[in-house]
Amino acid sequence: MITLKVNGAVHRVDAEPDAPLLWVLREELGFTGVKFGCGAAACGACTVHLDGEPARSCSVPLEAAEGADIVTIEGLPASAGLPPGSLHPVQRAWIEQQVPQCGYCQSGMIMAAVALLKRTPRPSDVEIEAAMTNLCRCGTYPRVRRAIRKVADRA
């Protein structure tokens, strides 16, 4: 049994220690906001926060996540101290800027953007480009940049 702390709750999981964290979060614990994209840590659709840092959960072995504070898109508002049912400021900016098209990659994009803004509250376009390595088949990159700038301008 491996113990995980996900979105503030402790879960005991009976899975292989080398199982990808992505599959445990989705299939065992039901956090379906974490998406499977490429399975090779290239696209970022599976991005979660491990101890506040963005991590591509498809390449994180379950045993490496034990003891870490894991946050998925479902727990993002609470991790920022917001009440249940509210949206994180980055999620609100995503809606205001109409970022999603198909939406599949967006939870990973939002998690990467939140981590960027935590490290760099007022990122330049170059810093945004460097940090946002997630892939979007719909090409929403200009909208992603606008949403990040919107949150940064409000800070």
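The radius of gyration used here is taken over C-alpha atoms, and the globule rule to compare it with is 2.2 Å times the number of residues to the power 0.38. With 155 residues, a compact globule would come out near 15 Å, and the protein has 15 Å, so the two agree. What you have open is a predicted model, in which local features need pLDDT of at least 70 and side-chain atom pairs count only at pLDDT 80 or more, while totals for chains, interfaces and linings use all residues. Residues are numbered from 1 along each chain as its sequence is written, and side-chain values use heavy atoms, with hydrogens and water left out.

**Whole chain**

Start with everything selected, shown as a C-alpha trace: along its principal axes the trace spans about 45 × 30 × 25 Å. Switch to a cartoon and you can pick out seven helices and five strands; these are DSSP runs numbered from the N terminus, with helices being H or I of at least four residues and strands E of at least two. Their order along the sequence is β-β-α-β-β-α-β-α-α-α-α-α.

Now add a surface. The protein exposes about 7700 Å², of which carbon and sulfur atoms supply 52%, by the Shrake-Rupley method with a 1.4 Å probe. Buried residues, meaning those under 20% relative accessible area (exposed is over 50%, partly exposed in between; 1.4 Å probe, protein chains only), make up 43% of the 155 residues.

**First stop: the largest core**

Select V90, W94, M109, I110, M132, V144 and I148. These have the most contacts inside the largest nonpolar core, which has 24 residues. Such a core is a set of buried Ala, Val, Leu, Ile, Met, Phe, Trp, Tyr and Cys residues joined through side-chain atoms within 4.5 Å. Colour α4 (89–96), α5 (106–119) and α7, each of which supplies at least two residues of this core. The largest share, eight residues, comes from α5.

Zoom in on M109. Leaving aside neighbours within four places in sequence, M109 is in contact (heavy atoms within 4.5 Å) with W94, M132, N134, L135, C136, Y141 and V144.

**Second stop: another core and α1**

Apart from the largest core lies another, of 21 residues, among them V6, V24, V34 and V48. Select helix α1 (residues 21–28) next: its buried residues are L21, L22, V24 and L25. To see what covers them, show β1 (2–6), β2 (9–13), β3 (47–50), α2 (62–65) and β5 (69–71), which are included in that cover. Just after α1, pause at G30, where phi is positive at about 80 degrees.

**Third stop: two unusual phi values**

Most residues other than glycine have a negative phi. Select A41, in the loop between α1 and β3: its phi is near 60 degrees, a positive value in a residue other than glycine. A41 is partly exposed, because its relative accessible area is 26%.

Then move to D51, in the loop between β3 and β4 (53–56). D51 is not a glycine either, yet has a positive phi of about 50 degrees. At 54% relative accessibility, D51 counts as exposed.

**Last stop: C138**

Finish at C138, in the loop between α6 (125–131) and α7 (141–154). With 29% relative accessibility, C138 counts as partly exposed. Not counting residues up to four places away in sequence, C138 touches Q101 and C102. For a closing distance, pick the C-alpha atoms of C138 and M1: they are separated by 40 Å, with the two residues 137 apart along the chain.
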